[in-house]
Amino acid sequence: MDYQLLADLLFPSVTKTREELEKEYPARSLPEGAKVTRFAPSPTGFVHFGGLFPATVGERLAHQSGGVFYLRIEDTDAKREVPGAAEGLVKTLANYGVNFDEGMTLEGEKGAYGPYKQSLRRDIYHVYAKELVVKGLAYPCFSSEEDLEALKQVNKKEELKNTDWTEAEAQRKAEQDRARAITLEEVKEHLSKGEPFVLRLLSGGDKDKKVRFTDLIKGNLEFPENDEDFVLLKSDGIPTYHFAHAVDDHLMGTTHVIRGEEWLPSLAKHVQLFTFLGFKLPKYMHIAQIMRLDENGNKKKLSKRDMGANLDDYSRMGYCAESVCEYVMTLLNSNYEEWHAKNPELPYTDFPFSIKKMSVSGCLFDFDKLNDVSKNVLSRMTAEHVYDLTLAWAKENDPDFAELLASDAVYATSILSIGRGGKKPRKDFARLSEVKDYMGFFYDELFEIKDALPEQFSKEDVKACITDFTKNYDESLDNTGWFDSVKGVAERQGFCPDVKAYKQSPESYKGHVGDVSSFIRLAITGKLNSPDLYTVMQILGKERSLARLDAFTQSL
RNA sequence: GGCCCGUUGGUCAAGCGGCUAAGACGCUAGCCUCUCACGCUGGAAACAUGGGUUCGAUUCCCGUACGGGUCACCA
């Protein structure tokens with residue numbers, strides 16, 4: 001067959017040569033060892049939590065080495081594209097510290113290796129497609145979409161387990177042989193009728209032969225050669241993932257391809273494609289997937305519909321981006337936690353990220369761990385910072401609370417300052433959404449008696465204690481003086497001022513000083529548990545504190 | 001079903017031929033002259049399994065089981 005003729009027939013408008021094209025994509029001049037990485041999502045909606053992993057790895061590797069990190073939009077499947085998804089994605093990712101140097105960025109489209117949207121690169125792919133045809137390495141296939149649909153049904157759908165795989169394979173082979181046998185005359189005929197075609201790779205692969213390969217994370221791998229004439233260009237002239245991946249990463253100078261391990265089975269195709277095209281194979285890193293537990297207790301890949309799959313969900317739940325980033329880092333590099341414990345003041349971007357420390361197997365998403373990380377992150381922040389974050393969260397998710405917070409920033413900040421700043425800060429909440437419950441009682445609008453008085457105390461005793469306390473309350477006392485006054489109340493009301501002494505002979509007292517405190521605490525905060533009562537009353541102020549004590553005794 | 005990947009406590013994980021098999025989360029006991037939140041000191045809890053190789057295997061090799069992924073004109 002005259003391949004040149006076939007190529008001209010198929011791609012009459014392609015006149016540019018590969019050499020001409022590649023002049024427009026010169027090698028990058030980067031320092032020694034600099035990595036060029038990319039994040040290449042398809043704009044099908046929100047950013048998947050799992051997407052944060054390759055994105056973070058790519059960002060770290062590139063920026064840590066003085067390289068380039070770019071965003072490429074893989075919008076080759078028009079059917080699944082969601083308008084505006086790309087813009088939202090850039091914004092969300094930026095929130096999580098993932099910023100791009102090229103492609104679509106917060107400041108708009110940047111970079112000299114574009115366009116960075118695959119749908120805009122059609123002509124580029126066609127140059128290589130035509131070249132493959134000229135070399136006899138690709139051929140058109142005019143099977144109608146319906147034919148393929150029928151074939152697909154054989155091994156598709158829920159009955160995957162019941163499909164006869166041997167038959168499906170034989171059918172595939174037969175189909176492939178038939179398609180390969182196409183003549184120039186037939187091509188001309190189809191073309192003259194205006195029939196669309198897909199371009200297939202003419203794979204010379206033998207699946208009894210093995211390909212050896214080294215993945216930077218998985219290590220040495222071995223798999224059968226690809227023997228499938230997979231599709232390079234779809235009937236609309238847009239490339240499939242495989243072809244676009246090869247052309248784009250070659251032209252854009254990607255040094256490290258970072259993607260989920262679900263791509264491992266396609267690797268044979270990619271190795272073959274790069275070879276056929278004469279491209280240098282980039283380094284590959286197939287990262288383990290984040291898993292979830294299904295209803296049977298089995299691990300499953302975190303899929304789009306799962307709770308926690310949407311990155312934006314985390315903000316909504318009240319996790320700040322910093323917490324999520326740290327959690328991701330602990331999963332990505334097993335020594336991150338240790339490093340962070342030694343350098344608590346340094347941002348995670350100072351951590352020497354290492355490919356070697358990446359896990360080979362998938363891990364389960366663990367909210368307990370996230371919560372712990374988040375509590376630590378939040379506890380290290382200044383009260384002002386927590387205030388700002390909480391206010392921002394509340395504005396989106398709880399406007400009424402936001403209004404309260406905004407009404408007096410100084411007051412709110414002083415509340416958030418309780419137990420903050422020292423070597424052992426309080427860790428009361430993991431999520432911004434928990435702040436309201438934690439500090440709500442400081443606001444009369446939200447204050448209510450939530451807990452019940454322990455049953456063993458009579459109302460009269462409680463009333464007597466509180467009245468006694470109120471009578472002698474002196475706002476100018478310091479913490480110790482304040483507690484001494486509570487002890488005084490205990491003593492006068494038949495409660496033991498010393499807990500240990502009480503435990504020696506509980507029958508001699510009505511209770512102990514801790515019980516007296518709990519009466520006051522309940523009246524002041526509405527809860528049996530609260531931060532240091534003395535501080536709480538100082539912030540609340542004498543007037544409001546006494547009013548609450550009074551209201552409480554009245555209600556008994 | 002074929003192909004590929006994986007398997008250390010409930011979870012995340014150190015380990016890379018010889019150790020009482022780290023640490024973190026969670027759970028739990030006790031302590032911290034009032035609760036909570038911290039903090040501190042403890043505790044329970046693991047090398048999937050059968051064969052090799054070796055003086056010696058969690059570690060190396062093979063099989064088995066189990067789990068995961070993938071088999072599109074989707075990425």
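Which elements are included in what covers the buried residues of α10? In this predicted model, the cover of those residues includes α5 (122–134), β6, β7 (210–215), β8 (219–224) and α9 (241–251). Helix α10 itself spans residues 267–277, and its buried positions are Ala268, Lys269, His270, Val271, Gln272, Leu273 and Phe276. Just after the helix, Gly278 adopts a positive phi of about 75°.

Strand β6, which is part of the cover of α10, also belongs to an open sheet of three strands, ordered β5-β6-β9 and paired in the antiparallel sense. The edge positions are taken by β5 (138–141) and β9 (231–233); each has a single partner strand, so one side of each is left without a neighbour in the sheet. From one strand to the next, the twist averages 45°. The antiparallel pairing of β5 with β6 (residues 198–201) rests on four bridges. Within this pair, Tyr139 has Arg200 of β6 as its bridge partner, and Cys141 stands opposite Val198. In a regular strand the side chains alternate between the two faces of the sheet. Strand β5 is covered on both faces, with Ala138 and Pro140 buried on one side and Tyr139 and Cys141 buried on the other.

In the loop between β4 (108–110) and α5 lies Pro115. The peptide bond that leads from Gly114 to Pro115 is cis, with an omega near -5°.

A second open sheet of three strands follows the order β13-β12-β14, and its pairing is mixed. Here β13 and β14 are the edge strands, each of them pairing on one side only. Strand β12 (residues 290–293) and β14 run parallel and are joined by two bridges. In this pair, Ile290 is placed opposite Cys363 of β14.

Both edge strands of the mixed sheet also contribute to the surface near RNA strand B: β13 (299–301) and β14 (363–364) each supply at least two residues. The other elements that supply at least two residues are α6 (145–155), β8, α14 (367–380), α21 (499–504) and α22 (513–525). The greatest contribution comes from β8, with five residues. There are 67 residues around RNA strand B, of which Glu74, Ser359, Ser361, Gly514 and Ser517 come nearest. By class, the residues of this surface comprise 22 nonpolar, 19 polar and 26 charged.

The nonpolar interior was examined next. The largest nonpolar core holds 93 residues, and the members that touch the most others are Leu71, Val328, Ile466, Val516, Phe519 and Ala523. Apart from this core lies another, of 25 residues, among them Tyr128, Leu132, Leu201 and Ala244. For Ala523 in the largest core, the contacts beyond the neighbours within four places in sequence are with Ile466, Arg548, Leu549 and Phe552. Helix α22 (513–525), which supplies residues to the surface near RNA strand B, spans the positions of Val516, Phe519 and Ala523, which are among the core members with the most contacts to other members.

Notes. Residues are numbered from 1 along each chain as its sequence is written. Chains are lettered from A and ligands numbered from 1 in the order in which they are written. This is a predicted model: local features need pLDDT of at least 70, side-chain atom pairs count only at pLDDT 80 or more; totals for chains, interfaces and linings use all residues. A nonpolar core is a set of buried Ala, Val, Leu, Ile, Met, Phe, Trp, Tyr and Cys residues joined through C-beta atoms within 7 Å. A residue is buried if 20 or more other C-beta atoms lie within 10 Å of its own, exposed if 12 or fewer, and partly exposed in between; C-beta atoms are placed from the backbone. Two residues are in contact if their C-beta atoms, placed from the backbone, lie within 7 Å. Two strands pair if DSSP finds at least two bridges between them. Axes are lines fitted to C-alpha atoms, for helices over the stretch in contact, and angles run from 0 to 180 degrees between N-to-C directions. A residue is near a molecule or strand if its C-beta atom, placed from the backbone, lies within 6 Å of it. Ala, Val, Leu, Ile, Met, Phe, Trp, Tyr, Cys and Pro count as nonpolar, Asp, Glu, Lys and Arg as charged, and the others, Gly among them, as polar.
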